[in-house]
Amino acid sequence: AAKEAGKASLARFEPRMRHDMVSHATLAGELRDAIGRGELRLLYQPVYDLVTGGLHGFEALVRWQHPVRGFVSPAEFIPVAERSGLIVPLGAWVLREACLQLAAWRAAYQDGAVEAMNVNVAVRQLRETGFVDEVAAVLSETGLTPRNLILEVTESSVVDGWQVSETLEALHEMGVRLALDDFGTGQSSLSLLRAFPVDVLKLDKSFVDGIADGADRGRLAVAAAVAQLAEHLQLKAVAEGIESREQLERLRDMGYRYGQGFFMAKPLPPAECGPLMAADPVRAA
Ligand code: C2E
Ligand code: MG
Ligand code: MG
Ligand code: MG
């Protein structure tokens with residue numbers, strides 16, 4: 001009977017599975033060439049200090065402009081990159097490109113430039129034995145200090161990969177900071193804070209969404225609790241996905257010192273970031 005049931009469910013799911021496998025393989029193959037062909041680029045979303053209103057940093061977000069398919073969302077190709085292992089070279093490109101960009105801005109804008117670049121990393125990258133050396137090499141090549149780099153890891157990914165804790169400790173020792181991305185959505189948010197040397201909590205957008213209308217007391221309570229947790233543990237609290245002034249003000253009043261979101265700025269091409277940086281640029285970009 002189990003065999004029959006297995007057959008039945010296979011029959012039901014096979015066409016879709018086959019479609020997914022083909023598109024996964026195709027996409028993975030194309031992604032493999034995308035770096036070399038220069039189809040990937042980075043946008044930078046400003047992170048603001050919600051108290052002073054000043055620009056605090058940037059988060060690098062990868063984009064793929066496919067010659068035929070057009071724009072492919074990272075929500076679509078990052079999972080493909082993770083499953084195929086391509087995230088390792090892709091992530092290496094992102095890390096280096098983002099650091100080169102920050103170094104260029106810090107040279108061009110000096111006092112006006114931001115201190116930190118946030119770079120998303122997949123757990124698969126952290127598991128590579130050479131990852132700590134790779135980070136050190138990029139910092140040394142670009143002349144940045146470890147304080148200039150914040151690596152963002154989603155909590156679900158680190159939960160699945162406890163063996164990354166040595167890598168995270170080594171990065172922390174070096175002075176590179178670690179942010180827990182999409183915080184609050186995972187299953188063991190609190191235990192992660194004890195297991196890993198975390199510096200920044202990024203409250204997931206889903207908690208920000210329901211904040212202004214006040215309709216969702218549960219999400220509101222989580223948002224407030226995460227801010228308090230950050231304060232008690234002396235971590236930076238960042239709210240992501242802020243889309244209205246009301247959300248911004250309520251989050252700031254809750255204790256979120258930093259925030260990102262379309263209300264302030266969407267992810268921008270580098271040329272549009274320069275003007276945000278210095279009222280008095282040393283050398284205009
Ligand atoms: P994430 O790291 O949590 O990044 C935040 C996402 O929310 C970004 O989507 C950003 O464009 C979007 N966002 C920011 N503010 C708002 C807002 O106010 N409203 C709305 N609706 N969205 C907002 P994006 O760029 O599509 O990236 C999606 C996810 O893909 C990222 O989530 C991250 O997990 C992953 N990703 C992006 N770039 C990289 C990368 O270079 N490496 C890795 N490993 N993952 C990346
Ligand atoms: Mg992120
Ligand atoms: Mg996030
Ligand atoms: Mg996310």
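This report describes one helix and one metal site of a predicted model.

Local features require pLDDT of at least 70 and side-chain atom pairs count only at pLDDT 80 or more, whereas totals for chains, interfaces and linings use all residues. Residues are numbered from 1 along each chain as its sequence is written, chains are lettered from A and ligands numbered from 1 in the order in which they are written, and side-chain values use heavy atoms, without hydrogens and water.

**Helix 10**

Helices are DSSP runs of H or I with at least four residues, and strands are runs of E with at least two, numbered from the N terminus. Helix 10 comprises 16 residues, 217-232, and its end C-alpha atoms are 22 Å apart, in agreement with the 22 Å expected at 1.5 Å a residue, the span being 1.5 Å times one less than the number of residues. Its buried residues (under 20% relative accessible area; exposed is over 50%, partly exposed in between, with a 1.4 Å probe and protein chains only) are Leu220, Ala223, Val226, Ala227 and Ala230. They lie on the same side of helix 10, because they cover an arc of only 125° around the axis, taken from the directions to the C-beta atoms. Arg217 and His232, on the other side, are exposed.

**Magnesium site**

Donors are N, O and S atoms within 2.8 Å of the metal (3.2 Å for Na, K and Ca); water is not among the atoms, so sites may look incomplete. The protein donors of the magnesium ion (ligand 2) lie 2.0 to 2.3 Å from it and include Glu59 (OE) and Asp181 (OD). Aspartate 181 also bridges to the magnesium ion (ligand 3), 4.2 Å from ligand 2. Two further donors are compared below.

| Donor | Relative accessible area |
|---|---|
| Asparagine 120 | 27%, partly exposed |
| Glutamate 152 | 1%, buried |
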